[in-house]
Amino acid sequence: HFFCGKFSYAAIPNKMYGCIVGVTGTLNTLTPSEKAILDNEYRVERLTYVPSVYNPSRTFDFTAKFVSIQPTEDAWLRAIETVVQECMHSRQPLLVYFKNTAAMQLYRRRFADRPVVYVPHDDEKIHIQDSIERAGSPGQITFFTRLHGRGADFVFDKTKVPRGLLVLLTYFPSSLSEEVQIKGRCGRQGEAGEFRMCMCATHLEKKGIHVSPQSSIDEPLAEHLRAARERITVKK
């Protein structure tokens, strides 16, 4: 016999509690399948949307000029490198989110000499927390995977970083809630911050999304991407 690892599962018992109350910032981004689970499994009958008691977070339009689709993987890597160089010179902290560690390693192999802190999804918790605490330092460049797009609160000195954090998302999330969560790592509660998205056309094609490369996203293309994501979500 060989010991290969452990599996851990967590679930809320649906017959133990008379009332289940939860709070989330992505309530309005639930997919139809997620809503069905709440309705059918947990009998959640009411969803209430309440404005935050804090200053409202900044909103980043999906059609903004800083959202682009690169034609090849090489062009995609070079576009990411352009943003890295920009932040190194401006001293603005940069958080770059990749879909997984493999995608992150593509950049690492290409630009091995860059002063970047890499935080793969399987890294030790102590190292992750240390990287999160230092990510808001002036000129700090930190690469994360999608698993760190939720729950991580980044802080920075407003006097040293007047433009706030810059978040660069390098893939098209399969769910709107994931996209919203990653966007929410900057511009929180009215603070300064910037968001950009840089996608690769060949990566999108592997997901069944066929688009032509564009340096900026217009509304028809944005609607096409949203519709494609909905189709993928329904299939799941």
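## A walk through the sheet and its helices

Start by selecting Val 119 and Phe 144: Phe 144, in strand 4, is the bridge partner of Val 119. Keep in mind as you look around that this is a predicted model. The two strands you have just landed on, strand 3 and strand 4, run parallel and are joined by three bridges.

**Zoom out to the whole chain**

Color by secondary structure and you should find seven helices and six strands. Going from the N terminus, the elements come as α-β-α-β-α-β-α-β-β-α-β-α-α. The chain has 236 residues, and 40% of them count as buried. If you switch on contacts, look at those with a sequence separation of 6 or more: 76% of them are between residues 24 or more positions apart.

**Select the strands**

In what order do the six strands of the open sheet lie? Read across and you get 1-6-5-2-4-3, with parallel pairing. Strand 1 (67–70) and strand 3 (117–119) are the edges, each pairing on one side only. Sight along the sheet and you can see the turn between neighbouring strands, which averages 20°, direction ignored.

**Strand 4, from both sides**

Now select residues 141–145, which form strand 4. Five of its five residues are buried, so call this strand mostly covered. Show side chains: Ile 141, Phe 143 and Thr 145 point one way, Thr 142 and Phe 144 point the other way, and all are buried. As a rule, side chains in a regular strand alternate between the two faces of the sheet.

Add strand 2 (residues 94–98), which pairs with strand 4 in the parallel sense over five bridges. Two pairs are good to label: Leu 94 opposite Ile 141, and Val 96 opposite Phe 143.

Just before strand 4, click on Gln 140, in the loop between helix 4 (125–134) and strand 4. Is Gln 140 buried or exposed? Its relative accessibility is 15%, so Gln 140 counts as buried, the cut-off for that being under 20%. Leaving aside neighbours within four places in sequence, Gln 140 is in contact with Gln 92, Pro 93, Leu 94, Val 117, Arg 134 and Ala 135.

**Over to strand 6**

Jump to residues 193–200, strand 6. Eight of its eight residues are buried, so strand 6 is largely enclosed by the rest of the structure. Which residues cover its two faces? On one side you'll find Gly 193, Phe 195, Met 197 and Met 199, and on the other Glu 194, Arg 196, Cys 198 and Cys 200, all of them buried.

Next, bring in the strands that pair with strand 6. Strand 1 pairs with strand 6 in the parallel sense over four bridges; pick Ser 68 and you'll see its partner in strand 6, Cys 198. Strand 5 also runs parallel to strand 6, joined to it by five bridges, and here Leu 168 stands opposite Arg 196. Then follow the chain from strand 5 through helix 5 (residues 176–183) into strand 6: the three make a right-handed β-α-β unit.

**Helices on the sheet**

Select residues 73–90 for helix 2, which packs on the sheet and touches strand 1, strand 2, strand 4, strand 5 (165–169) and strand 6; its direction makes about 160° with that of strand 6. Then add helix 3 (residues 101–110), lying across strand 2, strand 3 and strand 4 and running at about 150° to strand 4.

Now hide the sheet and look at the two helices together. Helix 2 and helix 3 pack at an angle of about 75°, and their axes are 11 Å apart. That angle is why helix 2 and helix 3 count as roughly perpendicular to each other. For the contact, show Glu 73, Asp 74, Trp 76, Leu 77, Arg 78, Ile 80, Glu 81 and Val 84 from helix 2, plus Ala 103, Leu 106, Tyr 107 and Arg 110 from helix 3. By class, this contact has seven nonpolar, five charged and no polar residues.

**Last stop: a loop glycine**

Finish at Gly 208, in the loop between helix 6 (201–206) and helix 7 (219–235). With 44% relative accessibility, Gly 208 counts as partly exposed. Draw a distance from its C-alpha to the C-alpha of Arg 229: the two residues are 21 apart in sequence and 9.7 Å apart in space.

Technical notes. Residues numbered from 1 in each chain as written. Predicted model: local features only at pLDDT ≥ 70, side-chain atom pairs only at ≥ 80, totals over all residues. Heavy atoms only, no water. Pairing = 2+ DSSP bridges. Axes fitted to C-alpha atoms, helices over the stretch in contact; angles between N-to-C directions. Contact = heavy atoms within 4.5 Å. Buried < 20%, exposed > 50% of the residue type's maximum accessible area, 1.4 Å probe, protein only. Right-handed = clockwise from strand over helix to strand, strands pointing away. Parallel < 35°, antiparallel > 145°, perpendicular 65-115°, else oblique. Nonpolar A, V, L, I, M, F, W, Y, C, P; charged D, E, K, R; others polar.
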